[in-house]
Amino acid sequence: MIHLRYISHYIKLSLSTFLLLFLWIPAVNADKCLLFSDIFQKSPKLKCIGENFKTALKAVDICVEFISLPSKRATLQLLRAELDGALMRATEYKKLVGDVAIMIHEPLISTQGLLISYDTRLTSIDKLIGRNLGIVRGSAWSNAQISDGMFIHLVNYPDQLVQMLVKKRVDAILIDSVTALAFKSELEATVRAEIVSLPGYPWLSVKHKKLVPQIEQAIKEYRAKYKYFQCGLIDAGHSVNE
């Protein structure tokens, strides 16, 4: 027969082990990096927006990592709680994610949604009826511009969108002005029309909503120091790529 003293010792040991695990697991989770989707990660000209966001959050002890996914797939994974957030999304993103994610009310960039074409007659969205229009798959603001009678061509990344227009596979594309600036040389001789004001916000899974004040403060502090999150812009002698 097992002596009661040994049983008591075993119970105390088990409780101690449980408490150690209980205290240790949250510490591990606290150090876990947030995983954000970033459609620009595959673009050498635009990925620094995410890198600058990462630098900003590091200053408030929040670790961020990125994964490059097409917009539609990234949204599905955010809805399934497989991602912690999405970078560079417009206010219209609310229609796609509902209450699953919340918008950080500090934009990383302030840009415009542009209609760009080589055809000087295509100066407004209503003139695309019966024409070929290229957009990024899963782009909420672009989808909001579509009307019946347009022939829509979808790509996964902004770089592909630019190439589709350059190679004359479509009559026009919808693209934000920051991306258009990054591809300035490729888009020479095009005409463009501003369609919509388009600030780009980070969106965060609602399970991390307690981090919202820290993230908003981090963005404010980074902007106060460098002014810009996008690539190649300089303020007060500081490059956003530093």
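This short talk covers one strand, E8, and then two residues with an unusual backbone angle, Met88 and Ala189. Keep in mind that the model is predicted.

Let me start with strand E8, which spans residues 172–176. How many of its residues are buried? Five of five, so the strand is mostly covered, with buried meaning under 20% relative accessible area. In a regular strand, side chains alternate between the two faces of the sheet. In E8, Ala172, Leu174 and Asp176 point one way, while Ile173 and Ile175 point the other way. Residues on both sides are buried, Asp176 included.

Next, the neighbours of E8. Strand E5, residues 109–117, pairs with E8 in the antiparallel sense, over five bridges. One of the residues to look at is Ser117, whose bridge partner in E8 is Ala172. Strand E6, residues 132–136, runs parallel to E8, and two bridges join them. Here Leu133 has Ala172 as its bridge partner. Ala172 therefore turns up in a bridge to Ser117 and in a bridge to Leu133.

Now the backbone angles. Most residues other than glycine have a negative phi. Met88 has a positive phi, near 60°, and Ala189 has a positive phi too, near 70°. Where do they lie? Met88 is in strand E3, residues 85–89. Ala189 is in the loop between helix H7, 177–182, and strand E9, 191–205.

Are these two buried or exposed? Met88 has 15% relative accessibility, so Met88 counts as buried. Ala189 has a relative accessible area of 71%, which is over the 50% cut-off, so Ala189 is exposed.

Conventions:
Residues are numbered from 1 along each chain as its sequence is written. This is a predicted model: local features need pLDDT of at least 70, side-chain atom pairs count only at pLDDT 80 or more; totals for chains, interfaces and linings use all residues. Side-chain values use heavy atoms; hydrogens and water are left out. Buried means under 20% relative accessible area, exposed over 50%, partly exposed in between (1.4 Å probe, protein chains only). Helices (H or I, at least four residues) and strands (E, at least two) are DSSP runs, numbered from the N terminus.
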